[in-house]
Amino acid sequence: IQPLKNQFLLKVNFMTHHNLKQDKRFFESIHDEDLKAINRYNDRNYQVGDTITLHEGEMDNGKFVYTGRTLNAIITYMNNYGMQDDYTNLSIELRE
């Protein structure tokens, strides 16, 4: 097989989308962009560039009950400085 003329390689970073529960006590602060970072257990291998949808809700009799409100964001920075093992701090930027 002959390569095409002017062929080039395109590096693609595969991003992941995460649907996450978000306690309503913090949801409004994230919505108003007063809170721009969230701490999460890193069981999903989060990466900078991944997108997230935060689903607002609260615990009721041991079950998470959703309000129906959501926020979309992109992870812009992460670190685990000062965090417990397997936890990470995600800096996020809201998206439409």
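Reader: In which strand does Ser91 lie?

Author: Ser91 lies in strand S5. Keep in mind as we go that this is a predicted model.

Reader: Why is Ser91 called buried?

Author: Its relative accessible area is 18%, and buried means under 20%, so Ser91 earns the word. Leaving aside its neighbours within four places in sequence, Ser91 is in contact with Lys36, Ala37, Ile74, Ile75, Thr76 and Tyr77.

Reader: What is the order of the strands in the sheet?

Author: The 5 strands form an open sheet in the order S1-S3-S4-S5-S2, with mixed pairing. On average, neighbouring strands are turned by 50° against each other, direction ignored.

Reader: What makes S1 and S2 stand at the edges?

Author: Strand S1 (17–23) and strand S2 (37–41) each have a single partner strand, so one side of each is left without a neighbour in the sheet.

Reader: How do you know that S1 and S3 pair?

Author: Pairing needs at least two bridges between two strands, and S1 is joined to S3 by 7 bridges, so the two strands count as a pair. They run parallel. Asp23 stands opposite Gly57 in S3.

Reader: Which strands does H1 touch?

Author: H1 packs on the sheet and touches S1, S2, S3, S4 and strand S5 (87–95). The direction of H1 makes about 115° with that of S1.

Reader: Why is the contact between Lys24 and Glu58 called a salt bridge?

Author: The cut-off is 4 Å between a side-chain nitrogen of Lys or Arg and a carboxyl oxygen of Asp or Glu. The closest N and O atoms of Lys24 and Glu58 are 3.7 Å apart, so the pair qualifies. This pair links distant parts of the chain, with Lys24 in helix H1 (residues 24–31) and Glu58 in strand S3 (residues 51–60), 34 residues apart.

Reader: Is Lys24 buried, partly exposed or exposed?

Author: Lys24 has a relative accessible area of 37%, and partly exposed covers the range between 20% and 50%, so Lys24 is partly exposed. Glu58 is also partly exposed, at 37%.

Reader: How many salt bridges does the structure hold?

Author: There are 5 salt bridges in the structure. One of them joins Arg25 to Asp23, with the closest N and O atoms 2.9 Å apart. Arg25 has 64% relative accessibility; exposed means over 50%, so Arg25 is exposed.

Reader: What makes Glu56 and Arg69 a salt bridge?

Author: Their closest N and O atoms are 3.1 Å apart. That is within 4 Å, so the definition is met. Glu56 sits in strand S3 and Arg69 in strand S4 (residues 63–79), 13 residues apart. Glu56 is buried, at 7% relative accessibility, whereas Arg69 is partly exposed, at 35%. Glu28, Glu56 and Arg69 are linked in a network of salt bridges.

Reader: Which residues make up the largest nonpolar core?

Author: This core has 12 residues, including Leu20, Phe27, Tyr46, Ala73 and Ile92. In soluble globular proteins, nonpolar side chains tend to be buried together.

Reader: Which strand gives the most to this core?

Author: S4 does, with 3 residues. H1, S3, S4 and S5 each supply at least two.

Definitions and conventions
Residues are numbered from 1 along each chain as its sequence is written. This is a predicted model: local features need pLDDT of at least 70, side-chain atom pairs count only at pLDDT 80 or more; totals for chains, interfaces and linings use all residues. Side-chain values use heavy atoms; hydrogens and water are left out. Buried means under 20% relative accessible area, exposed over 50%, partly exposed in between (1.4 Å probe, protein chains only). Helices (H or I, at least four residues) and strands (E, at least two) are DSSP runs, numbered from the N terminus. Axes are lines fitted to C-alpha atoms, for helices over the stretch in contact, and angles run from 0 to 180 degrees between N-to-C directions. Contact means heavy atoms within 4.5 Å. A nonpolar core is a set of buried Ala, Val, Leu, Ile, Met, Phe, Trp, Tyr and Cys residues joined through side-chain atoms within 4.5 Å.
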